[in-house]
Amino acid sequence: MHTWLARLAAYLRSADTQPPSAIGPGSTTDLVLSRLWPLAGEHRVRIMDGIATGLIVLTTLPLAWTTSAPVLAVETVSGIAVAAGTRASVRRVHPPKRMDWYRAFTPSGLRQFRIALRDGLAGALIGAAGGGLIGALLAHSASGGGLGAAIGGVMFGLASGLESEPSRATSPRGTIRSDLAVALSGGAALAAGAAIGVAAGFWGEIGFVAAMTAGVGGVLSMGVESGRRYLVFVLCMRGELPLRLGLFLDWALSAGLLRLAGTAYQFRHEGLQEWLERHPGASSS
């Protein structure tokens, strides 16, 4: 435990030297879970994040063999997986988000809701057109997987309209949980679109497979940036920090070693932080 705290204290001292595009404004006092990932090595985490995202997207690959053009479908799925992995490995990740159901009843929330609905409709039209074009080229139904893509796009837009940044009253661990919950809402929208596409008889068409894969890639690479990057970071730090890092920090909080400052942890005393920096190894006394 001493070594873990000392490692975090040493990182805080160097946090202000990190490029702002990597973790946001540097701080020598705030332990923000979504900004700790450069501690495991910036390039290492980004590469692992991209690989993990690409591999998860490839789980839709079996759908390619349900089409009449499996080779082209495999190429399509693989291309989307590479694109999603590349997008996931970017240096800058957006702050955590949360689903704010009450926003739908506020003037600002209604405005954002209308914007998200407009974007969802635009995405639906693009998805429907893309699915129809692929289907036409392969002599399938011109609609292809377009209906599933359209419904998924609209529902994803509606869900996006309820997104907001976590309030300062949210616990540090709660910010990560809320960001992952946003991804679940996007996944639910995708599942709804897929179910409708299957019910309409588009199962096995390449447009449907492409829409499904693009939906999974979009949710992973753009809908859950902070939560996804944090999970990859914790796995990269296995053996150097506890896998349940948030739980450990909550223990340190209850033990009086840390304190809360909004959505960040801080060492309760600056002297403790400086002492841990000077004594990174566990004391033998």
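## Reading a predicted fold, step by step

Author: Welcome! In this predicted model, residues 24 or more positions apart account for 73% of the contacts in the protein chain that have a separation of 6 or more.

Reader: Thanks! How many helices and strands does the protein chain have?

Author: There are eleven helices and four strands in the protein chain.

Reader: And how much of the chain is buried?

Author: A residue counts as buried when its relative accessible area is under 20%. Here, buried residues make up 45% of the 285 residues. The chain as a whole exposes about 13800 Å², and carbon and sulfur atoms supply 66% of that area.

Reader: Let me try a helix. How do I read the span of helix α9?

Author: You can compare the distance between the end C-alphas with the span expected at 1.5 Å a residue. Helix α9 covers residues 225-236, twelve in number, and reaches 16 Å from its first C-alpha to its last, close to the expected 16 Å.

Reader: Is α9 enclosed or open to the outside?

Author: Ten of its twelve residues are buried, so α9 is largely enclosed by the rest of the structure. Among the buried ones are R228, R229, Y230, F233 and C236.

Reader: Could we look at one residue of α9? What does E225 touch?

Author: Happily! E225 belongs to helix α9 and is buried, with a relative accessible area of 5%. Leaving aside residues up to four places away in sequence, E225 touches R87, R92, V93, H94 and D179.

Reader: Now the surface. Which residues form a nonpolar patch there?

Author: The patch is formed by I47, M48, I51, L55 and L58, with about 440 Å² of accessible area together. One of them, I51, sits in helix α3, which spans residues 42-57. I51 counts as partly exposed because its relative accessibility is 43%, and that class lies between the 20% and 50% cut-offs.

Reader: Is there a general idea that helps me picture side chains along a helix?

Author: Yes: an α-helix has 3.6 residues a turn, so residues three or four places apart point the same way.

Reader: Last one: how do β3 and β4 run, parallel or antiparallel?

Author: Strand β3 (residues 258-261) and strand β4 (residues 264-267) run antiparallel, and four bridges join them. To find one such bridge, start at L260 and look across to its partner Y265 in β4. The two strands form a hairpin with two residues between them. In the turn, G262 has a positive phi of about 70 degrees.

Notes:
Residues numbered from 1 in each chain as written. Predicted model: local features only at pLDDT ≥ 70, side-chain atom pairs only at ≥ 80, totals over all residues. Heavy atoms only, no water. Patch = residues over 30% accessible without salt bridge, like charges linked within 9 Å, V, L, I, M, F, W, Y side chains within 5 Å. Areas by Shrake-Rupley, 256 points an atom, 1.4 Å probe, with all protein chains shown as cover. Salt bridge = Lys/Arg side-chain N within 4 Å of Asp/Glu carboxyl O. Buried < 20%, exposed > 50% of the residue type's maximum accessible area, 1.4 Å probe, protein only. Expected span 1.5 Å × (residues − 1). Contact = heavy atoms within 4.5 Å. Pairing = 2+ DSSP bridges.
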